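The following exercises train the reading of a protein structure, from its overall dimensions to single residues. Please attempt each task before reading its solution.

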Amino acid sequence: MIEKHIVLEDIDPVTFFGVANGHLQMLKSLFPKLRIVARGNVIRLLGDEEEMAKAEEDISKMQEHIVKYNSITEEDILDIIKGWKTKEEGVKGVVVYNISGKPIKSRSANQQKLVDAFEKDDMIFAVGPAGTGKTYLSIALAVKALKEKKAKKIILSRPAVEAGEKLGFLPGDMKDKIDPYLQPLYDALEDMLPTVKLQDMMDKHIIQIAPLAFMRGRTLSNAVVILDEAQNTTPAQIRMFLTRMGWDTKMIITGDMTQVDLPREQKSGLREALQILEGIEGIDVIRLGKEDIVRHKLVTRIVNAYEAFDKRQQVKREQLNNK
């Protein structure tokens with residue numbers, strides 16, 4: 001009789017063992033020649049050498065399944081151990097799977113351009129109106145790179161632009177004041193990574209979420225770095241951010257030029273960066289439009305209404321200037 005220990009890494013043991021250890025009991029029934037004991041994130045195997053080799057291989061496949069899909073069912077376990085067809089077959093173009101196992105993938109031609117650009121370029125600007133999936137898809141690409149070990153960390157940032165309220169008057173410490181600006185980034189991550197795993201990654205600084213001001217002086221290497229709401233950066237801020245780029249790093253900068261919250265006299269750093277950097281080798285600019293909106297159908301109508309309003313206002317300004 002031989003004994004081996006398997007350590008469950010990169011996954012939540014509760015997900016692996018199942019509710020009330022249901023998955024563990026299933027493993028025991030499928031490998032009757034082994035004694036299987038679990039403690040914490042360690043599985044202890046004792047028994048027949050040949051069956052143990054098969055169990056090791058299948059447990060490894062189960063871990064890979066959970067890393068990819070964030071979940072595993074009894075049917076999935078049977079598929080793996082019995083060698084049956086898995087749900088992976090027939091699903092194409094998937095970036096990652098959310099915590100419910102639902103595939104996250106591009107849903108329009110321009111979203112697919114963003115996915116393709118991430119594969120070939122190190123810096124991508126994704127510019128378009130609300131609801132086009134800029135932030136969500138960018139974070140999905142970052143999570144995919146982390147899971148595939150193509151990046152060691154994810155760094156997400158936003159400018160903390162005061163929209164009607166002064167930070168000093170908001171309750172709480174600095175983290176409490178800043179977190180509301182960063183909440184959309186937390187929301188996307190919580191949809192793609194189990195809560196326990198996400199918290200562990202944040203505690204270990206594998207995933208970092210911080211306001212743009214915290215980027216100064218850093219060199220960001222071996223990472224996927226995302227700057228969201230970049231239309232609200234000043235030229236100096238975005239220049240500072242872009243020059244943080246280190247080795248083996250990919251940057252995605254997202255923004256919507258119709259939602260600039262800067263003072264009227266302040267030029268948007270994103271607008272200036274696009275003028276200066278578009279066409280440079282290694283930098284790709286993906287422009288998404290209202291045809292790429294994947295939110296509620298009313299969002300498209302709202303965007304159309306505001307576009308029409310902006311055009312009317314522009315015509316009025318031009319008429320006044322010509323008088």
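Five exercises with worked solutions follow.

The model is predicted, so local features are given only at pLDDT of at least 70 and side-chain atom pairs only at pLDDT 80 or more, while totals for chains, interfaces and linings use all residues. Residues are numbered from 1 along each chain as its sequence is written, and side-chain values use heavy atoms, with hydrogens and water left out.

**Exercise 1. The whole protein**

Task: Describe the secondary structure, the dimensions and the burial of the protein.

Solution.
- Step 1. Eleven helices and eleven strands form the secondary structure. Helices (H or I, at least four residues) and strands (E, at least two) are DSSP runs, numbered from the N terminus.
- Step 2. Along the principal axes, the C-alpha atoms fill a box of roughly 95 × 40 × 40 Å.
- Step 3. Of the 323 residues, 46% are buried. Buried means under 20% relative accessible area, exposed means over 50%, and partly exposed lies in between (1.4 Å probe, protein chains only).
- Step 4. The protein exposes about 18200 Å², of which carbon and sulfur atoms supply 52%. Such areas come from the Shrake-Rupley method with a 1.4 Å probe; for residues, only the protein chains shown count as cover.
- Step 5. Among contacts with a separation of 6 or more, 69% join residues 24 or more positions apart. Contact means heavy atoms within 4.5 Å.

**Exercise 2. Two partners of helix α4**

Task: Determine how α3 and α2 are each oriented towards α4, and state which residues make the contacts.

Solution.
- Step 1. Helix α3 (residues 49–69) packs on helix α4 (residues 74–82) at an angle of about 135 degrees, and the axes are 9 Å apart. Axes are lines fitted to C-alpha atoms, for helices over the stretch in contact, and angles run from 0 to 180 degrees between N-to-C directions.
- Step 2. The helices α3 and α4 are therefore oblique to each other. Angles under 35 degrees count as roughly parallel, over 145 as roughly antiparallel, 65 to 115 as roughly perpendicular and the rest as oblique.
- Step 3. The crossing of α3 and α4 is right-handed. A crossing is right-handed if the near helix is turned clockwise from the far one by less than a right angle, and left-handed if anticlockwise.
- Step 4. From α3, the contact uses K54, D58, K61, M62 and H65; from α4, it uses D76, I77, I80 and I81. These comprise four nonpolar, one polar and four charged residues. Here Ala, Val, Leu, Ile, Met, Phe, Trp, Tyr, Cys and Pro count as nonpolar, Asp, Glu, Lys and Arg as charged, and the others, Gly among them, as polar.
- Step 5. Helix α2 (residues 22–30) meets α4 at an angle of about 30 degrees, with axes 11 Å apart. The pair α2 and α4 is therefore roughly parallel.
- Step 6. H23, M26, L27 and L30 of α2 make the contact with E74, I77, L78, I81 and K82 of α4. By class there are six nonpolar, one polar and two charged residues.

**Exercise 3. Helix α9 and its surroundings**

Task: Identify the buried residues of α9, what covers them, and how α9 packs on α10.

Solution.
- Step 1. In helix α9 (residues 235–242), P235, I238, M240, F241 and L242 are buried.
- Step 2. Their cover includes β6 (123–127), β9 (223–227), β10 (250–255) and α10 (269–277).
- Step 3. The angle between α9 and α10 is about 60 degrees, and their axes are 7 Å apart. The two helices are therefore oblique to each other.
- Step 4. P235, I238 and L242 of α9 meet G269, L270, E272, A273 and L277 of α10. Six of the residues in this contact are nonpolar, one is polar and one is charged.

**Exercise 4. Two buried residues**

Task: Locate M52 and G128, and list their contacts beyond four places in sequence.

Solution.
- Step 1. M52 lies in helix α3 and is buried, at a relative accessible area of 1%.
- Step 2. The contacts of M52 are I2, E3, K4, L34, L45, L46 and G47, with neighbours within four places in sequence left aside. I2 is 50 residues from M52 along the chain, and their C-alpha atoms are separated by 8.7 Å.
- Step 3. G128 belongs to the loop between β6 and α6 (134–147) and is buried, with 6% relative accessibility.
- Step 4. With neighbours within four places again left aside, G128 is in contact with K134, G255, D256 and L288.

**Exercise 5. Positive phi values**

Task: Examine N21 and H205, and decide whether each is buried, partly exposed or exposed.

Solution.
- Step 1. N21 is not a glycine, yet its phi is positive, at about 60 degrees. N21 lies in the loop between α1 (13–17) and α2, and at 35% relative accessibility N21 is partly exposed.
- Step 2. H205, also a residue other than glycine, has a positive phi near 65 degrees. H205 lies in the loop between α8 (195–203) and β8 (207–211), and at 53% relative accessibility H205 is exposed.
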